[in-house]
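Trainee: I should like to understand how the descriptive terms for this model are justified. Could we take them one at a time?

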Amino acid sequence: MTLGRFLLFLVAPCLLLAQPFAGRRSDGAAILPNGWPITPAGRQIELSTLPMTIALHPDGKHAFVLNSGFLPPTISVVDLDAGSVTAAVPAPGAWLGLALDAKGERLFVSGGSRGSVLVYGYADGRLDRLAEYSAVEGPLSDRDFIGDVLLSSDERFLFAANLFD
């Protein structure tokens, strides 16, 4: 082994350790996975992995965020005045679709590969799962994936989008 390779072997780990790790810094900035720093505007609220969709409650003080990253999917209930998550409720299989009724009492969530729609009730600051409805006919196949939901303006119909059929 040459002296140059030996020095590289010793120095390379030190250079790697000197690189900043991805995540939030104490000054409010963040380091992206590629090492670039960013300083977001406004106030940030830490959520779970991959926040995909947000629905604002009619009171303007709460929001529901669907998280569908590498951790099991959840719905974060966010108190916007306090700037904190007050609850994280499991949402099995959920993916992208989130629809809230006009009164803010019912939340509909696409069930992804479960081929279903999840229904939650919201009252007194609590989000509870009420039901899960199949959105496909017959046995579930690998082409059944409910990726989005939409509540009609008169709230009589809930549309569920099967992404592959």
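Mentor: We begin with a definition: a residue is buried under 20% relative accessible area, exposed over 50%, and partly exposed in between (1.4 Å probe, protein chains only). This is a predicted model, in which local features need pLDDT of at least 70 and side-chain atom pairs count only at pLDDT 80 or more, while totals for chains, interfaces and linings use all residues. Residues are numbered from 1 along each chain as its sequence is written, and side-chain values use heavy atoms, with hydrogens and water left out.

Trainee: Why is Arg-126 called exposed?

Mentor: Arg-126 has a relative accessible area of 52%. The term exposed requires over 50%, so Arg-126 is exposed.

Trainee: What makes the pairing of Asp-128 with Arg-126 a salt bridge?

Mentor: A salt bridge is a side-chain nitrogen of Lys or Arg within 4 Å of a carboxyl oxygen of Asp or Glu. The N to O distance between the side chains of Asp-128 and Arg-126 is 2.6 Å, so the pair satisfies that definition. Asp-128 itself is partly exposed, at 29% relative accessible area.

Trainee: How many salt bridges are found in the whole structure?

Mentor: The search finds four. One of them joins Arg-129 and Glu-132, with 2.8 Å from N to O. Arg-129 is partly exposed at 39%, and Glu-132 is partly exposed at 29%.

Trainee: Why does the pair Asp-154 and Arg-156 count as a salt bridge?

Mentor: The closest N and O atoms of Asp-154 and Arg-156 are 3.7 Å apart, and the limit is 4 Å, so the pair qualifies. Salt bridges that share partners also join Arg-114, Arg-129 and Glu-132 into one network. As for accessibility, Asp-154 is partly exposed at 43%, whereas Arg-156 is exposed at 61%.

Trainee: How do you know that Asp-79 has no salt bridge?

Mentor: The nearest side chain of opposite charge, Arg-43, is 7.1 Å away from Asp-79. Lys and Arg count as positive and Asp and Glu as negative, while His and the chain ends are not counted. Since a salt bridge must fall within 4 Å, Asp-79 has none, although Asp-79 is buried.

Trainee: Where does Asp-79 lie, and which residues are in contact with Asp-79?

Mentor: Asp-79 belongs to strand E6 (residues 74-79); strands (E, at least two residues) are DSSP runs, numbered from the N terminus, as are helices (H or I, at least four). Contact means heavy atoms within 4.5 Å. Leaving aside neighbours within four places in sequence, Asp-79 is in contact with Lys-61, His-62, Ser-84 and Thr-86. In addition, a polar atom of the Asp-79 side chain lies 3.0 Å from the backbone nitrogen of Asp-81.

Trainee: What makes the phi of Asp-124 worth noting?

Mentor: Most residues other than glycine have a negative phi. Asp-124 is not a glycine, yet has a positive phi of about 50 degrees. Asp-124 lies in the loop between strand E10 (116-123) and strand E11 (126-134) and is exposed at 81% relative accessibility. Leu-50 likewise has a positive phi of about 50 degrees and is not a glycine; the place of Leu-50 is the loop between strand E3 (37-38) and strand E4 (51-56).

Trainee: Why is Leu-50 called partly exposed?

Mentor: The relative accessible area of Leu-50 is 46%. That value falls between the limits for buried and exposed, so Leu-50 is partly exposed.

How values were computed. Polar contact = N/O pair within 3.5 Å; in protein donor to acceptor, adjacent residues only side chain to side chain.
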